[in-house]
Amino acid sequence: MDAIAERIRDRDAAPVPVRGLTVLYDAECSLCQSVREWLGRQRQLVPLEFVAAGEEEARRRFPSLDHRATLDEITVVGDAGQVYRGPAAWIVCLWALREQRPLAHRLSTPAGARLARGAVLAAAKWREAHGRARWGGDAHGRGDGWAYDPRYGWTYTPPGCDSGTCSTR
């Protein structure tokens, strides 16, 4: 095999066509719901089906999976039984999307895989910090009087002087 053919050869992928993917996602996590909705709106080259992780349907369809782990980390199951977790699951989801497939190919390289892993770790950190809190759509306040509400944008409310101890300077 010549050098060019060796470089473009498939990266040890099994010669099993993927005709559909099932994405197991945490239906109680608003970040997960938001990503699921975004994936569902994209043009798909490979159909994506979404099943709530840890639910009865997921347990029935995939009895051999560790369903507790599917709530902690995105898991995607291919129609031929392939299981993808973490960064590989995100990459295969992007690979299924028409406009994102080139990005998925870049993320499947060693350097891209580090970037994908970093993105997955950042999402996991957010989930850890916020639990199953709402993702987006809520007002975000800061201690200096500024607040952001998606409906109205940034607003400023100066601190009150109800205690009578406010500086007049």
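**Strands, helices and cysteines**

Me: How many bridges join strand 1 to strand 2, and do they run parallel or antiparallel?
Reply: Five bridges join strand 1 to strand 2, and the two run parallel. Keep in mind that this is a predicted model.

Me: Which residues are those two strands?
Reply: Strand 1 is residues 21–25. Strand 2 is residues 48–52.

Me: What stands opposite Val23 in strand 2?
Reply: Phe50 does. Further along, Tyr25 stands opposite Ala52 in strand 2.

Me: And what is the bridge partner of Val23 in strand 3?
Reply: Val76. In strand 3, Thr75 is the bridge partner of Leu24.

Me: In what sense do strand 1 and strand 3 pair?
Reply: Antiparallel, over four bridges. Strand 2, by contrast, runs parallel to strand 1.

Me: Is strand 1 buried or exposed?
Reply: Mostly covered: five of its five residues are buried. Leu21, Val23 and Tyr25 are on one side, with Thr22 and Leu24 on the other. Both faces are covered.

Me: How many residues of strand 2 are buried?
Reply: Four of its five, so strand 2 is also mostly covered.

Me: Which way do the residues of strand 3 point?
Reply: Thr75 and Val77 point one way. Val76 and Gly78 point the other way. All of them are buried.

Me: What does strand 3 form with strand 4?
Reply: A hairpin, with four residues between the two strands. Gly81 is in the turn and has a positive phi of about 95 degrees. Strand 4 is residues 83–85, and three bridges join it to strand 3. The two run antiparallel.

Me: What stands opposite Tyr84 of strand 4?
Reply: Val76. Val76 is also the bridge partner of Val23.

Me: Back to strands 1 and 2. What unit do they make with helix 2?
Reply: A right-handed β-α-β unit: strand 1, helix 2, strand 2.

Me: How many residues has helix 2, and how far does it reach?
Reply: Helix 2 has 12 residues, 30–41. From its first C-alpha to its last it reaches 17 Å. That is close to the 16 Å expected at 1.5 Å a residue.

Me: Which residues of helix 2 are buried?
Reply: Among them are Ser30, Leu31, Cys32 and Leu39.

Me: Why does Cys32 count as buried?
Reply: Because its relative accessible area is 15%, and buried means under 20%.

Me: Okay, cysteines. How many disulfides are in the whole structure?
Reply: Zero. Cys32 is in no disulfide, and the nearest cysteine sulfur, that of Cys29, is 3.0 Å away. A disulfide needs the sulfur atoms within 2.5 Å, so that pair does not count.

Me: What about Cys93, buried or exposed?
Reply: Buried, at 1% relative accessibility.

Me: What is the separation between Cys32 and Ala123?
Reply: Their C-alpha atoms are separated by 9.3 Å. Along the chain they are 91 residues apart.

Me: Where does Ala123 lie?
Reply: In helix 7, residues 110–130. Ala123 is partly exposed because its relative accessible area is 22%, and partly exposed is the class between 20% and 50%.

Me: And Leu94, where does that lie?
Reply: In helix 5, residues 86–95. Leu94 counts as buried, at 15% relative accessibility. The C-alpha atoms of Leu94 and Leu39 are separated by 8.4 Å. Those two are 55 residues apart along the chain.

Me: Rings next. How many aromatic pairs are there?
Reply: The count comes to zero.

Me: What sits over the ring of Trp95?
Reply: The charged end of Arg101, 4.1 Å from the ring centre.

Me: Zoom out. How many helices and strands are in the protein?
Reply: Seven helices and seven strands. From the N terminus on, they run α-β-α-β-α-α-β-β-α-α-α-β-β-β.

Me: How much of the protein counts as buried?
Reply: 30% of its 169 residues. Five of the five residues of strand 1 are buried.

How values were computed
Residues numbered from 1 in each chain as written. Predicted model: local features only at pLDDT ≥ 70, side-chain atom pairs only at ≥ 80, totals over all residues. Heavy atoms only, no water. Phe/Tyr/Trp six-rings, centres within 6.5 Å; stacked < 30°, edge-to-face > 60°. Lys NZ or Arg CZ within 6 Å of the ring centre and 35° of its normal. Buried < 20%, exposed > 50% of the residue type's maximum accessible area, 1.4 Å probe, protein only. Pairing = 2+ DSSP bridges. Expected span 1.5 Å × (residues − 1). Right-handed = clockwise from strand over helix to strand, strands pointing away.
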